[in-house]
Structures are given as structure tokens and as C-alpha cells.
Amino acid sequence: MIARLILGRCVSALVTLIAISIIVFAMVQMLPGDVASMVLGRFASETAKEALRQQLHLYQPAAWRYLGWLAGLLTGNLGDDLSSQQPIAVIIAPALGNTLVLSGAALAIYLPLTLSVAGVQAFYRYGGIDHGLSTVTMIGASIPEFLMSILFLVMFVVVMPVLPAVSFVDEHTSFIGWLSALALPAVVLAIVMSVYGIRMLRGNLIEILQSDFIQVALLRGLSPGRVLIRHALPNALIPTLNVTALNLGYLIGGVVVVEKVFAFPGFGSLMVDAVSFRDVPLVEATVMIAAAIYVASNLVADLMAIVLNPKLRRTS
Amino acid sequence: MARRTRTARLALLWHRTGWSLRIGALILLVHLLVAVFGPWLASYDPNEMGSGIPLSGASWAHPFGVDQLSRDIFSRVLNGSHIVIILSLSGTFVGLTVGAAIGLFSAYMGGWVDELIQRTVEAFVSIPFIVLGLLAVYAAGPESAGKPALMVLVIALLYAPRVARMARSAGLDIITHDYVLAARLRGERVWSVIWFELAPNVISTLIVEFAVRTAYAPALVATFGFLGFGIQPPTPEWGSIISENRGIFLLSPVAVLGPGACLASLIVAVNMVTEGVSRLIGQRVEIASR
Amino acid sequence: MLKLMFTSALAAACVFGLGAGIAAADEAKCLRVVGPEWTAEGQSVDPARIITTGDVLRITSIYQKLAEMDDNYQPQPVLAESWESNQDGTSWTFHLRKGVKFQDGRDFTAKDVVWSFQRLFDPKLDTGAKSILSMIDPSKIVAVDDSTVQFTLKAANAIFPAVLTTKYAAIVPNGSTQDQLQKHPVGTGPFMVDNFTPGPKFVAKRNPYYWGKGEPGADCIEFSGISETVSRVSALTSGQADLLVQLEPSAAATLDKSSGVKVLMAPGGMYLDFAMWVDTPPFNDERVRTAMKLVVDRSAFVNTVMLGIGTPGNDNPVSPLSPDAYQHAAIPQDIEKAKQLLADAGYPNGLKVDLYTSDSLAVMIPAAQVYKQMAAKAGIDVNVIVSPADSYWTEIFLKRPFITSYWGDRPPSEALGIAYLSDSANNETHWKRPAYDALLNKANGTIDPDARRALYQQTEKMLAEQGGVIVPAFATTTAAIRDGCSGFTPNNNAANFDFSTLTCK
């Protein structure tokens, strides 16, 4: 029974991925601008441009090109980057690696932050602290990411020079170098994600804290703190997992703004630059990867929810 | 049971509102007044150059300072207020209508149609929204770039799939109800059912969804402006103003903090009102952005 | 639990602070140069292909040219020690510096020069050099001996050595192809790399064979780009960068007021222009064109768009500061005359035009807006259309009748020709006047400097008065260096960088 459910979810995810590949391919084809001019530069000779167009099979029907690309994807061949003629995997790997590390750091800050603040709010619910923190999170949720990034940059680099202005990382950066480079962007990302996570977790926690079995535990004499942590929190975490999955998708593709402000060489900027440069294979590869990560993390969240929550197992 | 007089009912309503709703509503009111009367209140024309020394900071004559082209920033903000509000409202409205239609349709049809639509919607949601927005802006061509109409469509494109998901799950909740079954048996056409039976019963969810999305829309437009493919200058859209002036932040912080505070306060106000109102009508709301 | 979290947060903060200190100390030995942009895409280390700032930075550190332009537009010897031409300027002979080696140890000889120039004419290679070097006959470049090269030109050119200072004319080893260079660039410049892979930073190390005594001033150099002004400025003031190049006016204004850094300026720089198609209504009427030029208040333009860091321009690509300028005072604004001219041309109630611009260069958008304001005073309603930066140069440039554009600083011969000759590939104003071509070609071929200057001045005057280009201002090339570093001067031509004497403590 549960295996069928899991299988069903996996198939859905696969279909979604295929739909994504079609959409991405179609949208990229719709981009105006002569690809050959964009890649080779406006001074390139007509013969060079024609050669590139032939190389990209631009005169073949779109459906044929799509299938060719899809086949390449499935065999792990992402093709070559148009401007530097390097295999795309080589170009993507460092950027993706950097972004994954940044995401990890952001999540590492996000989880304790969300848990502690929401926990405090639920514990002192409807009191002064709760309202105060709610207002803070509300304001935090209302500041666009780029504004928050700039404010943090100025605050911790100019006003209080404790952190580096630029978050450059490459294979030569030391561990300490990584930490200092990641500090600001990870904190900003963590805050941006947590303002939503906190509100949601707080709501769930309060709901659970008012439920019967919690009341019973309290009546039995367990301390409110223990009840909160050992009994309420695990139950409230499930919807939060879902939100965390959404956040992962955001982290991979949506952090372009943070990357640009802090000059972090990440996946988001690579994706956006690829679109600006009409580097068609790179655009298609990066967007597919970002979308695939999002779909995969959603799938994992879904599956975890099914496994952890007996009630959900009956729904299909 | 005694009949409640109108004043008594209003008084009861007032008591049930929290402080956050009252403050939020107040701030929103100020924003709406500024949107309507802003252009008259401004001391300078928003595009007038030579109104002051470039890059000077805050002063009585120029509360937000003067930008690089020696335009008064405060006047620009006042003139841009209605742009932000109209863009956000229309973009979200279009996105909501389209998304709700798709979501309810999918819920009602069920079966493989539902599956297909769901997968497509999921696909759109999975593509990072900045990339999707960027592709849409570029696909529209260099002539349309930066036009408000395009921004409305881009917001709608980004929101519609997310709204569709929400509408579908809300719709699924009610299609099992008797009145829907009755309508189907009566032989009512699909769109008739959606419009007359389904929509009215999910309206409170949709309204809350509308409010939540509208709150984030200004930030979305501002983010696109920041990345360079938003509303074209010299239109004083707040995000563009912040973006234009961020290079001179260190020289004149108010140039960014002023419009930034206005933008944030608008979003906060809408969020507060949304939360307060939804608590009143008994809806659970999550301030979600993506 | 809260206490635990608080303590761990505090500990983390301490580690970060320590890390920042250590990280900064770690990288102190490489010169760190930061530009205003960096693309992950399309990074080139082949001089035949130069498109972005990053390309210029990389190529000017690895390769060198025969000569380099100084701030007076005179060529100074680099790989060529001296040169002379025949009587009528149709043949030039260059005497190469001896004892120079490439970064892989082989000797620099005349054959390398021949190859470097001939490859620029290969139709399979993408290069903007062809139009700049159009006077060269590729089959007539000869290595007379190991250290002498002779060029026989298609037409007389009195200032050929100045033309050879174009950024594309860097010398590469004999026989190297683009594929080879893109992976293992080899030049004679102060810095080198063993292998090249595109990335967010470019790090080059000292060239052990470099011919300059005691140069370069550091063991390695690191290039990168930060598009966010606040981040870039903070990087310099906090010591994370040593030199910022190609500063925009707002960054220069901010750094001027900061301590610990110094703003450096060259005498001149690139120019902004608005290009009108002279063969398209309404711009085909010279009166309309003159009106469009007269509405500009040039010094106001410099003060707003460039925050004062620039010079007013006189509707031609030669700066009024240059000794070759036909007029040194700025053309004054004259709204009344503009209105009169428009009325004469049949537009008594004003004119409505579309002006395209983009943020591909930050100042282009404010420039268009300022022009709009100024033109409005004469009844010209300018509709500013901002196009996306990525496609501007392929979709809009040369494809719309009224656009915003810019050109780097060049010697008069190149500047007056690159966009204004009848057969120019970049003829942004569709200006085709045989009289102009003849005048410019005659100027280029005139040996006597005074006579040549007079001819250039006549050419500029013709272009300024009759042409379709509005040049409101020149932007001064600006850089900023932190205290503790020295040895860098910005050049008029923003694409000329010399890092060989840059040192930092």
C-alpha cells in the first residue's frame, strides 16, 4: 500500500521533470536575438556565424532538436558551453558546489533560528514577547532580499568592519576563508527563509499545544518546556519540512540577488548570465538542474511526510 | 436572542480586530492617500533636474536627498506610489484569476486532465522564478522590455501556477459536496459549475491568497528592477528608484533607505491587514511568498 | 537551550571575524584588481577576441603590443623600439626589441609579429580588428630579419604606429591558433598562466622571462569583477582589493570622500554619443540635426551624468582637450536657435522621437534621460526606450535610427573613421560622404604633422556641423587605489592597462 503511494509520487515527479524540460526548451527557443551574433560577438564574419548555426542544428525542426537534447541529458552529456567550448559539466560543477555549500550554511543557520524563535513564541504565546517577535518577523518578511543584502553589507562591512566585502571562493580558499565568505550571504538567506518558516511553525505549534494530548501531558506534571520540545515540536515539524523543501528550490535558483550583491560565484548567477548571453545549452542545463533539485526535494519532503504521518498514508 | 443594532455589531467587529490590523489599516490608508494625492504633494517634478545639489543627503527641502541627476527623490517616491500599487494589484489580479480558473478546472475535471494540468503547473513552479521572469522578459523582445504591461504579465505568469495549486486543493475540498453533485446531474456546463458553484465557496481562500500575493508583488517588481530587467527609467517605480540609487548608498543612505522604508511599510501594511482580516473571517493564512 | 544557541552564535561570529582577518592576510601577496563587471561566460585570452572588461584585463597582463598609446595619443615603444616609414607613408618598418622571450621560453622574433597580424585577417576568426587595421595588406607583411618587420599598406598612412596600438594587435607566438591560446595563452607580458579555465577570478603569476627590469612589481595578480557598486567600493576601503579600474562616477564620488584610498584620473577617456541616421526622416534634414545638437547644455551634462568627472564634447569623437581638436570651447546651448531651425524645417510645433538606450554601460540611461530633459525645452519630445543590456548591441545598435552609444578613446585617425567612414562596419549614423572619406584619408596620409592636424580639424568640423552624431561629453577614465599601493596610472583609453609597475605593501 505504502509502496504504491511512494511509487506514484515518484512517477509524478518524473512526469513533472519531463514537462519542465519541454517548457524550458520552448522558452529558450522563443528568445529573440541571433544566437550566433550573441555568442561570437557582433564583429564575427557571416561564415563563422553560419558555421555555428549549423553546429547547433538551428535549421532542424524544434522537436528533433528537443529529442536530441533530451537524449543527451539522460546519458549525462550536457553538451558544450557555447562561448568557451568547455564541457558544461566542468563549468557548472564549481558554481553548483559553491551554491550547495552556501545552501548548507544557510540551512544550518535557518533551522536553529526558526526552531528557537517559533518555540519561544509558542511558549509565551499571545504575550508581549510573542507580539514583539511577530512584528519583527513581519517586518523582516516585508523587506525585499536585495534591500536586506545591501543593508547587511553596509552594516557589517562598512559600519562595523568585521566581515569581508566580497564573498569570493574558489579551490584555493581555506576553510576559514570559506566561513568568512559565507557568513553574510548565509545569514541573509537564513533570515529571508526563516521569517516565513517561523510564522508557520508558530501557528502549527500553538495549534498542537492547545490539543488534548498536550493538555494531558501538562496535567501529568511534565514541565511546559519539555512538553514543547519533546512532544509538540516533532508533530509540528512535518509541515515545516514541506516549507524547507520549497526553500531548497529557492536557494538553488532564487538567490541570484544575494549572489550579485556579495559577489558570490554561485549557481544562480551562472544561470542568469547564461540567459543574458543566450548560451542555449548552458541555460537549458542549469535550469533543468535547478528544477530537478526542486522537484527532488519536494519528492523527499512528500515521502517523508507519508512515512512519518500515519494519517496521510490513507490518502492517495 | 436580542437583535444586535448596527452600531453594536460594528463595535463588536472593532473589538475583535487586533492592534496589528488597526495599525496595518492605518498605514495602508496613508499609502492609498499618497497614491492618490502624491503628485500634488510633491514639491518638485519627479523628472526635474537641477532641483538640488546632486548626491546631497537628507534636508528639509529634500527629505530623501537628491539623486545623481539632481532630482528630488522624495518627489519621485510620491509620484511612484500609485504605480507600485496599480502594478501589484493588476498583476496579482490577473495571476489570481487565471490561476484560480486553472486550479478549479483541474479539481473539477479530475482524472487524467487533472494529472496533466497538475504536472504542468508543478513544472512552472519548479523553474526558479527569477529565471522564468527573465526568460519571459527577454522573450517579449527589446521593444516591450520595461513597459508596465509586460511587468503585469510577468507577475501574472509567476503567480498563476502557485495560485492554481492553492485553488485546486481548495476546490478538491468542496467538489464532493452535494450541491456540486446536483449541478453536475442537472447537466450544467463545466464553466458554469466553476463560476456559480465552486468559486463562490472558495472565495474566502482566494481573497486571502490575493492579499498575500499582492503584498509580495511590489518586492517582486523591485527585484526585477534591481536585476536590470524591470520597469524602465525614468518611471519612478519604487524598486527602480532603490536600484538607481544603490550605487550612492554610501554617500547618501537616505536615497535608498527612504524609498526602501516606504516599500517595506507598504508590504508590512498589506500583510498586517491580510492577517487581521483573515483572522476575522476565520481563515488560516500563511504569508507565503513562493 | 537558548543560552546554548546564543553562545554558539557568538562563537561563530568570533570565528568569522578571525577568519576574515586570516583570509585577508593570506591573499595579501597577490595584486588584487577589481573591475565593474565580470561575466562567467565568454572569457577570452586570445587578443583576436576582446569583448568584455575581463578580456581586456586578462589580455593586457599576458600579452604586449608593438607600441602603446600615451595620454597625448602618441605611440610609445613597447615590443618595437623604433620605426620609420618611406617617403609617402605607404611602407613602414619596425625595429623590434631584442632579447625578449615569450612566457614559454622561446625567443620573440619578427615571424611572431607577422603571424600575429596575419591571423587577424582570417575570416574564420571573430575579430573587430579587421576594420581598424583595414589599411594593412596581410600578404605584404614581411619579416625582413629576426628583428625587423615591414608592412606595406594599401594606402598611405602617416600615423600607422598609432593604429597598431589597438587592443587587438597583441603579439602571439608564431603559429598559435585560437584553440591553443584559449587553453595555454603565451605572450610576452609581465604576467602569465600555465593553463586557462574560465572562472570568477583570473590569477596570473609573474613572468620569469619578462624583459622589464625589476618588473612586474608583484609575484602574482588577480582580476575579478564586482557589479555591485557598494560591494566594490567596500572591497577597496576594507583592504580586500588593491585597485579598482573603470570606475563609474558614483563610485568615484564615493571614494573621493573615503579615507585610505586615492582616486586616479587620466586626462581623457571614452565618449558618449547619440547617433541619428542621417538618411531617415526627420534626421535627414540637416536643420533638424543641428537643432538636436543645440539643445544640449554640455557642461550641465558633464555635471549630472558624470558628476563632473569628464569633459564637454563637441559632436565629434575628438576631445576638446586634445591638441587636434578643431574647437576647444564647448558648443553652447541655444534653445531659441534650435526652435527656429525646427520651425524652418517644418516642425514649428516641435518633434517627437524615440531614443533607445540600455544599461549595458551604467551612464547610458542617465545620459538619455538628461538629453530628454534638455530637448524638451525646445519642444522635442524624446521617448526614452530602455532595452535589455544583453541584446542591445545585436538588436538595437545599428538597427534603430536614434540610439545611445559610446566609444573608447582613440587617436583621431581611428576615432574619425571607425564609425563615420562610408564603408565602416559600425556606421551608426549612416553617414556616407565621399568628401569626408577623402578628407580623412588625406589627413591620414599627410606626413607633415601640422598639415595633418589642420586636415583632422577640418574633418572634425565637417562631422560636427553636418554629421548625425551628438557627442555631449567625454568621461574621464578613473581608477582608485588604496594607500599602500602605487605604480598605476589610468590611460585615456580605458582598454590600455599597464600593471607592470603596480606594487603593494
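User: Happy to look at this predicted model with you. What makes chain C a confident part of the prediction, judging by its mean pLDDT?

Analyst: Chain C has a mean pLDDT of 86, on a scale that runs from 0 to 100. In addition, 93% of its residues reach 70 or more. For the model as a whole, the scores are ipTM 0.81 and pTM 0.80.

User: Which residues of chain C have pLDDT under 50?

Analyst: Those are residues 19-28 of chain C, where the model has 20 contacts beyond four places in sequence. Where pLDDT is low, the predicted coordinates should not be read in detail.

User: Why is helix α10 of chain C called largely enclosed?

Analyst: A residue counts as buried if 20 or more other C-beta atoms lie within 10 Å of its own. In α10(C), residues 298-305, 6 of the 8 residues are buried, so the rest of the structure largely encloses this helix. Among the buried ones are C:Arg298, C:Phe301 and C:Asn303. Their cover includes β14 (310-312), α12 (364-376) and β18 (469-475) of chain C. After α10(C) comes C:Leu307, with a positive phi near 50 degrees.

User: Turning to chain B, how do you know how α3 and α8 cross, and is the crossing left-handed or right-handed?

Analyst: The axes of α3(B), residues 73-109, and α8(B), residues 190-227, come within 7 Å and cross at roughly 145 degrees. The crossing is right-handed.

User: What kinds of residues make up the contact of α3(B) with α8(B)?

Analyst: The contact of α3(B) with α8(B) has 18 nonpolar, 5 polar and 2 charged residues.

Conventions. Residues numbered from 1 in each chain as written. Chains lettered and ligands numbered in written order. Predicted model: local features only at pLDDT ≥ 70, side-chain atom pairs only at ≥ 80, totals over all residues. Buried ≥ 20, exposed ≤ 12 C-beta atoms within 10 Å, placed from the backbone. Helix = DSSP H or I, 4+ residues; strand = E, 2+ residues; numbered from the N terminus. Contact = placed C-beta atoms within 7 Å. Axes fitted to C-alpha atoms, helices over the stretch in contact; angles between N-to-C directions. Left-handed = near helix turned anticlockwise from the far one by under 90°. Nonpolar A, V, L, I, M, F, W, Y, C, P; charged D, E, K, R; others polar.
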